[in-house]
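Student: Got a minute to go through a fold with me? I'd like to start with how the helices pack.

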Amino acid sequence: MTLWRSQFQAALEKLAEISSAMDELDLKPPILVGGGAVELYTQGAVNTGDIDLVSTQQSALEAIMAKHGFIRPSGPGVATRGWIHPDLKLGFEVVGSRLLDGYADTSLLQMIEIEAHGTVAVISVEDLIADRMGQYASGAAQDMLGQAKALFTLSEGLDLHYMERRIREETAQTYGVQDLEDDA
């Protein structure tokens, strides 16, 4: 049973295949972060326009992506830093080499099985909420508060103590879990 829109489902399947290929080479697979992780956790209540990844093995990841049909657009007027697959309508981009600049607890990563394709490593909901709150607090992305609240409302079993600490770190002590609970 597919939980997500077909475009996102296809992107997750491709990511699972790429992750499996990295596993086979004894390389750490990429971690799904950003809007793609939000769409996954909200089961499509929030849609993304791209797939952001964190990888300590960017060169190897990009070589495997190329073997799986991804191309890097180039030429005049091309502004993307990422990769496109001709069959997918979502771009893939490596946005960093350390999960939230090393502040996230990687032992909390979620491993999501994508039926018949493999497993995808995903940032924890707690760290994703903290990231969204940090972007909101910066003033650069006001819509991130809505995403953080949607994730908070739709998630069960959150580690509130950890999440409080991470939100405080990401927002320079300005916000905390209470700011999510007020309207939840």
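Tutor: Here is a short run through helix packing and then the sheet. This is a predicted model: local features need pLDDT of at least 70, side-chain atom pairs count only at pLDDT 80 or more, and totals for chains, interfaces and linings use all residues. Residues are numbered from 1 along each chain as its sequence is written, and side-chain values use heavy atoms, leaving out hydrogens and water.

Student: At what angle do H4 and H5 cross?

Tutor: Roughly 160 degrees, and the axes of H4 (residues 125-137) and H5 (residues 144-154) come within 8 Å. Axes are lines fitted to C-alpha atoms, for helices over the stretch in contact, with angles from 0 to 180 degrees between N-to-C directions. Helices (H or I, at least four residues) and strands (E, at least two) are DSSP runs, numbered from the N terminus.

Student: Which residues of H4 and H5 make the contact?

Tutor: Among them are Leu128, Ile129 and Arg132 of H4, and Leu145, Ala148 and Leu151 of H5. Contact means heavy atoms within 4.5 Å.

Student: Now the sheet. What is the strand order?

Tutor: S3-S2-S1-S5-S4, an open sheet of five strands with mixed pairing. Two strands pair if DSSP finds at least two bridges between them. The edge strands are S3 (91-96) and S4 (110-114).

Student: How many bridges join S4 and S5?

Tutor: Five, in the antiparallel sense. Val120 in S5 is the bridge partner of Ile112.

Student: Which strands does H2 lie across?

Tutor: H2 (residues 34-41) lies across S1, S2, S4 and S5, running at about 85 degrees to S1.
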